[in-house]
Structures are given as C-alpha cells and as structure tokens.
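Colleague: I am new to this structure and would like to learn how to read its features one at a time. Could we begin with the charged side chains?

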Amino acid sequence: RPCDFVGGGFGLPRQWGGTRGHGGQLGQRGDPAGCERAVYLCKVLGTLVRSLQEAEADWDKLGDKFNYKTNAMIIDVDCTDDKAKKLCETYGVSGYPTLKYFGPGLASDGESYEDGRDYNAMSKFVKRKSKKPCVPDTLENCDKKDKAYIEEIKDLDDAKLKEQRDTMEKEIGELSSEQKEASDLFETQKEEAMTTMKKAEDLKKKLSKLQNKVGYKLLILKAMTAKSKDEL
C-alpha cells in the first residue's frame, strides 16, 4: 500500500511522530514495513556546529531529489527538541550527526549508515537501497544482476529454490546477529570510556583547583622544612 502522508510529513514508525522532518512535521501514522519497499534515511541532529551547517546543503539537496518523487524519504530528527529527546535516548544516539536508515526487511530500530557523507555517496546509497524489487515473472524492475541470477536458477525446482533461500537467510541472519553483538559491545565500551573520560576530566579540574589553593603553601612548607633539616 502507499505510505501515509499526514500534516505535511511522511509515514514513519509511530515513535517518530512529532519530530522534525525534511520539509515538515512528521505525521502520527505510517510504518516503513507497511509501505512497499519504502526506505527512510534519517539524520539525527544535536547541537548544530559549523561542519554540520556545511553539510546541510547536501542533505537538503538529497531530500529535494528523493522526497515525494521516489519511495525513499530523507528525514531529520533534532535531538535538542524536547519532543525528540526520549526518542534519541531510546535509539542510543550519543553522537551527532547520526545517520540511520529504515525499510522492509531491516531491524525495527534501523541500521547505521556507514558510507560516505557527501552528497554523491549518500545519493548512490539511497538509490541502491530504494530500488523497487525485481518481479521474476515479468522482469519488471529487474536489472542486469537480477536477470543473470534468474537465468542461473530458472531450471531449479521449488525444493532447490527454497534450499537456496533458507541458506542465504541463515547466513545473513547469523552475520547480522554477530554484527549486532559487536555493535552493542562497542556502545557499552564507548559509554564506559565516556564515563571514565568524564571522571578523569573532573578529577583534573579538582586537582587544578586544589593546586591553586594549596600549591603555594606546599612550596613554602617544603622550603621551611628543608631549612630545618639542614640545621639538624
């Protein structure tokens, strides 16, 4: 079915409702899994810094190219907005900008975008991910790779086709689980590292304050006690 468009926004998981989108407020209805091959690339924002401001033009250009013209949507979520803070915490967003993408067959909490962040790299990624599915019976939306694979398996019976499908799904599932475990471990270690770094910074400030407060006194005491030792 087509995606829901509500109040100038786009169809997204309900938890995205009320946050800021490219070109309007996100609506309260809609679900990527329910939209046929819809792909959403979401940019999670924090405090706007110069480097991010410079990237805004590319991001807006990306939205102008895909939004409302294809089955891909380019969306902003501002973590400084009170309405979005809980959402950002739920998704474990701690760095800005964070790019995630959502679509059919992907995890409900989306996937992290790890490709280049310039316009050309993001445009190629969105185009590739939002490609409409190949229809084997009619070859509609099928590219050269699709057609080559269809030719390769055209003589296989249903049992063999299912066997190949199950093997591929298992391989992807196992690797996805392994990747998620590594990603979760990284997030945990990152949080621990950030906590340790903050503790070190706090201790450094306390040390500096203490040194300013008693450092000169300590130097005087050292000089006086050294003098006493010399007299002995």
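Modeller: A salt bridge here is a side-chain nitrogen of Lys or Arg within 4 Å of a carboxyl oxygen of Asp or Glu. Please keep in mind throughout that this is a predicted model.

Colleague: With that cut-off in hand, how many salt bridges does the structure hold?

Modeller: The general idea is that side chains of opposite charge can pair when their charged atoms come close. In this structure there are ten salt bridges. One of them brings together the side chains of K154 and E151, with 2.6 Å from N to O. The two partners fall into separate classes of accessibility, since K154 counts as exposed at 51% relative accessibility, whereas E151, with a relative accessible area of 48%, is partly exposed.

Colleague: Which residue forms a salt bridge with D166?

Modeller: The partner of D166 is K162, and the closest N and O atoms of this pair are 2.9 Å apart. Because D166 and K162 are four residues apart in helix 5, about one helical turn separates them. Both are partly exposed, D166 having a relative accessible area of 28% and K162 having one of 45%. The pair also belongs to something wider, as K162, R165 and D166 are linked in a network of salt bridges.

Colleague: Where does that spacing of about one helical turn come up again?

Modeller: It comes up with D202 and K198, which are also in helix 5 and four residues apart, so about one helical turn lies between them. Their side chains meet in a salt bridge of 3.2 Å from N to O, and D202 is partly exposed, with a relative accessible area of 31%.

Colleague: Let us turn to the cysteines. How many disulfides does a search of the whole structure find?

Modeller: In general terms, a disulfide is a covalent bond between the sulfur atoms of two cysteines. The search finds two of them in this structure. One joins C79 to C88, with an S to S distance of 2.0 Å, and the other joins C134 to C142, where the S to S distance is 1.9 Å. If you number the bonded cysteines of the protein chain in sequence order, the pairing reads 1-2, 3-4.

Colleague: Is the link of C79 and C88 left-handed or right-handed?

Modeller: That link is left-handed, with -95° about the S-S bond, while the link of C134 and C142, with 80° about the S-S bond, is right-handed.

Colleague: And are C134 and C142 buried or partly exposed?

Modeller: The limit to remember is that buried means under 20% relative accessible area. C134 therefore counts as partly exposed, at 23% relative accessibility, but C142 is buried, with a relative accessible area of 11%. In the other disulfide, C79 counts as buried at 8% relative accessibility, and C88 likewise counts as buried at 6%.

Colleague: Now for the interior: which residues of the largest nonpolar core touch the most other members?

Modeller: A nonpolar core is read as a set of buried nonpolar residues joined through their side-chain atoms. The largest one here has 13 residues, of which W59, L62, F66, I74, Y113, M122 and V126 touch the most other members. At least two residues of this core come from each of helix 1 (50–66), strand 4 (72–78), strand 5 (98–102) and helix 3 (119–129). Helix 3 provides the largest share, five residues. To follow one member outward, take F66, which, leaving aside its neighbours within four places in sequence, is in contact with A72, I74, S123, V126 and K127. Apart from this core lies another, of eight residues, among them V77, C79, A84 and L87.

Colleague: Which residues make a nonpolar patch on the surface?

Modeller: Y216, I220 and M224 make such a patch, of about 340 Å². Y216 is found in helix 5 (residues 158–231) and counts as partly exposed, at 49% relative accessibility.

Colleague: Finally, what pattern does the protein chain follow along the sequence?

Modeller: The pattern is β-β-β-α-β-α-β-β-α-α-α, which comes to five helices and six strands. Of the 232 residues of the protein chain, 27% count as buried. The accessible surface of the protein chain comes to about 16,400 Å², and 54% of that belongs to carbon and sulfur atoms.

Technical notes. Residues are numbered from 1 along each chain as its sequence is written. This is a predicted model: local features need pLDDT of at least 70, side-chain atom pairs count only at pLDDT 80 or more; totals for chains, interfaces and linings use all residues. Side-chain values use heavy atoms; hydrogens and water are left out. A disulfide is a pair of cysteine sulfur atoms within 2.5 Å. Buried means under 20% relative accessible area, exposed over 50%, partly exposed in between (1.4 Å probe, protein chains only). Patches are made of residues with over 30% relative accessible area and no salt bridge: like charges are joined within 9 Å, nonpolar side chains (Val, Leu, Ile, Met, Phe, Trp, Tyr) within 5 Å. Accessible areas come from the Shrake-Rupley method with a 1.4 Å probe; for residues, only the protein chains shown count as cover. A nonpolar core is a set of buried Ala, Val, Leu, Ile, Met, Phe, Trp, Tyr and Cys residues joined through side-chain atoms within 4.5 Å. Contact means heavy atoms within 4.5 Å.
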